[in-house]
Structures are given as C-alpha cells and as structure tokens.
Amino acid sequence: MKKVVSQTELSTELKKEARKQGFNLVGIARVPGSSRIKLRNAALERWLKAGNEADMKWMNAPKRKNIKYLLEGVESVIAVGINYHVNEKPRSNALLVGKYAWGNDYHKVLHKRLKIVGKLLTSHRPKCKWKVCADTSPLLDKAWAEEAGIGWIGKNSNIINQSIGSWIFLGHLLCTEPLIPDKPAISICGKCEKCIDACPTKAIEEPFVINANKCLAYHTIENRNNVLPKRIKESLGQWVAGCDICQDVCPWNQKELEGSKDPDMQAQEWILNLNTQEALSWSEAKWQELLKNSALKRIKPWMWKRNIIAIKENKEIKT
C-alpha cells in the first residue's frame, strides 16, 4: 500500500517533478486567488470593450473569465515556466522570427511534460481531477503565473522573472487538490517604460495595455487579410513572424542571461538563416515541411509570402 503523503509533501514532490521535466520556474496558486485576479479580469473586460483584441474573438470566451469553467471543482493551479532564451543569433540581414518560435512547438512540449506531473498527482491522489493548459486554453495564464509567484506581468504584458527575464513559455496544471500555495509575485518594473518607448507602432498604448490592431506580432501571425495595413507594413523592418522589440529592450533581458540547453528550445537553422529570395521561392509543400513541428504553422504559407513581400516592397520604397 502506497504511503499517503501530506499536502505539503505532495506540493513539494510535484514541484520537484516539474523541475525534473525541464521547467525552470514552478509555483502554486489557490483558487479563487487574491484580489489581483479580480483586477486582471476587470482589465480584460476593459481591453475587450476597447476593441483591442482585433480579430481575436476567442479572447472573449466566458471560460477565460472564470477558471472554474475549465475544471469543475478546481482548487489549485500549478504554474510552470520554461526559459526559451538561446545564445544563437539570426544571420546578418536575415528575416526575423520571434524567439518563441525558434524551437519545437512549445504547445506540445508543455502538454507532454505537464501530463507527467499530472500522472504523478494521480498516483498520490487517485480521485483528483486535473487539466493541462498551455496557451491555447481560455485561461488568464499570465495572471495565474503571477499569482503562483513565478513572475510579474510587465508593462509589455509579458511575464518577467528576476532571474531569467521574460523569455518564458507558460503552462498550467489545474487540479481539484488543495495544494500549498506560494506567495504572489511583486512587480518591480518601477518607473521604467522602455518597452513602451521602443514599440515602433505605439501598440503599448499605456502600461499593460497592448492594442493588437497596432501590433506587428498580431498582424504577421493572426491577420488573415491579403494586404497588411500601411502603417504596419512601413514598420515591419525585418520582422516576418512575430516581434521581440519590447522584450529586447527590457532591462531584465539586458543582463547576461543563461541560454537554455533544453533540446526542444534550440533554434532551427532555417529560421536563423531565412533569406527573402529563397523563402519566396519555396512551394507550399516546402513550407508545410518546415513548419510541421513548429508553433509557426499557425502562419499559413500565403501569409509568409505576404509578409515577406511587404518587407521587400518597403525596402525598395526606402531605397
């Protein structure tokens, strides 16, 4: 007969297993959370009311506003984070891709590893129900990560950790077990507004408020129109998929950060050497092959070509 562990022992064991699975950050929050969860929900409502979600209508899903819709009887949230910063850099003059997509599809990585943590939980508490959430689930993931103490929400809306910066993939394991919570994170952005000042389209309209209608990442990844808006096209620079400008300038990312050694986080060579002429010559089948194990597959082949052509035309106009 297996020894029955206490809630404290179980919480500790689950954290150890999460770290064993490669998660750099692990914390626990209890539902319904502190008053800050209510404040984050209210902020989401204001953001949606202002139309800042653009065409991302899924952001208005009712489940996002109440975690209990995601798992009946939920008591705790195990929040985890993986450092995806690597030491490689794109080749000079290469088209730029957001670092989040350099390695293997993080959705699959998070799901696979969190399920192992969930199975450990089941081995100790057979009647416990749990659910893995990794970006695609309608969850206030950053708010719960902050609540679990693994980082605070910065003015560019990204989770920032004092030790590893903001290059973090977030995942959550919701469960019906009342685990021992950690202290919520405290914001230490202070008066810094470098991310706001650096945004080329002024998409960060005020601290913590990103207007997707102005965001390069939104338009290169989510915009399904055949032509990009003029202002976006003029501001693309070399960004063909995503944009890291607001993270690149963050002081918490300026210090010498340790590059991840995780095999799933390592950059694919074609991404670091993405050439305009070559990329425009690739067939749809070639694109599908390159994107099959990448978070970038959300961007359809025709959208890649649209973005690349926009960059090319903008360069030609300037010269």
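Two residues are in contact when they have heavy atoms within 4.5 Å of each other. Keep that in mind for this predicted model: among contacts between residues at least 6 apart in sequence, 77% join residues at least 24 apart. The chain has 319 residues, and 52% of them are buried. Below is a friendly walk through the whole chain, then two of its strands, then a handful of residues in loops.

**The chain as a whole**

- Counting the secondary structure gives 13 helices and 10 strands.
- What radius of gyration would a compact globule of 319 residues have? The rule puts it near 20 Å, and the chain has 20 Å, so the two agree.
- Along its principal axes, the C-alpha trace spans about 70 × 40 × 35 Å.
- About 15,800 Å² of the chain is exposed, and 54% of that area is supplied by carbon and sulfur atoms.
- The chain carries 52 positive and 34 negative charges, and the mean positions of these two groups are 2 Å apart.

**Strand 7, covered on both sides**

- How many of the residues in strand 7 are buried? Strand 7 covers residues 168-175, and 8 of its 8 residues are buried, so "mostly covered" is a fair description under the cut-off of under 20% relative accessible area.
- Here is a handy rule to remember: in a regular strand the side chains alternate between the two faces of the sheet.
- In strand 7, Ile168, Leu170, His172 and Leu174 point one way, while Phe169, Gly171, Leu173 and Cys175 point the other way. Residues of both sets are buried.
- Strand 4 (residues 130-133) pairs with strand 7 in the antiparallel sense, over 4 bridges.
- To find one of these bridges, look for Trp130, whose partner in strand 7 is Cys175.

**Strand 2, a partner of strand 7**

- Strand 2 (residues 76-83) runs antiparallel to strand 7, and 8 bridges join the two.
- Two places to look are Val80, which stands opposite Gly171 of strand 7, and Ala79, whose bridge partner is His172.
- Is strand 2 enclosed or open? It is largely enclosed by the rest of the structure, because 8 of its 8 residues are buried.
- One side of strand 2 holds Ser76, Ile78, Val80 and Ile82, and the other side holds Val77, Ala79, Gly81 and Asn83. Both of these faces are covered.
- Strand 2 is also joined to strand 1 by 6 bridges, and these two strands run antiparallel.
- Within that pairing, Ile28 stands opposite Ile78 in strand 2.

**Backbone details in the loops**

- Which two residues does a cis peptide bond join? They are Val31 and Pro32, with omega about 15°.
- Pro32 sits in the loop between strand 1 (25-30) and helix 2 (35-49).
- Ala54 is not a glycine, yet its phi is positive, at about 55°. You can find Ala54 in the loop between helix 2 and strand 2.
- Ala54 has a relative accessibility of 10%, so it counts as buried, the limit being under 20%.
- Asp135 is another residue other than glycine with a positive phi, near 75°. Its loop runs between strand 4 and helix 4 (141-147).
- Asp135 has a relative accessible area of 38%, so it is partly exposed.

**Two loop residues and their contacts**

- Asn104 lies in the loop between strand 3 (96-97) and helix 3 (106-124). With 24% relative accessibility, Asn104 counts as partly exposed.
- What does Asn104 touch, not counting residues up to four places away in sequence? It touches Val109, Pro263, Asp264 and Asn293.
- Asn104 and Ala295 are 191 residues apart along the chain, but their C-alpha atoms are separated by 7.1 Å.
- Pro184 is placed in the loop between strand 7 and helix 5 (194-198). Its relative accessible area is 33%, so Pro184 is partly exposed.
- Leaving aside neighbours within four places in sequence, Pro184 is in contact with Arg36, Glu146, Glu147 and Gly149.
- The C-alpha atoms of Pro184 and Val117 are separated by 22 Å, and these residues are 67 apart along the chain.

Key:
Residues numbered from 1 in each chain as written. Predicted model: local features only at pLDDT ≥ 70, side-chain atom pairs only at ≥ 80, totals over all residues. Heavy atoms only, no water. Rg over C-alpha atoms; globule rule 2.2 N^0.38 Å. Buried < 20%, exposed > 50% of the residue type's maximum accessible area, 1.4 Å probe, protein only. Areas by Shrake-Rupley, 256 points an atom, 1.4 Å probe, with all protein chains shown as cover. Lys, Arg positive; Asp, Glu negative; His and termini not counted. Charge placed at Lys NZ, Arg CZ, Asp CG, Glu CD. Pairing = 2+ DSSP bridges.
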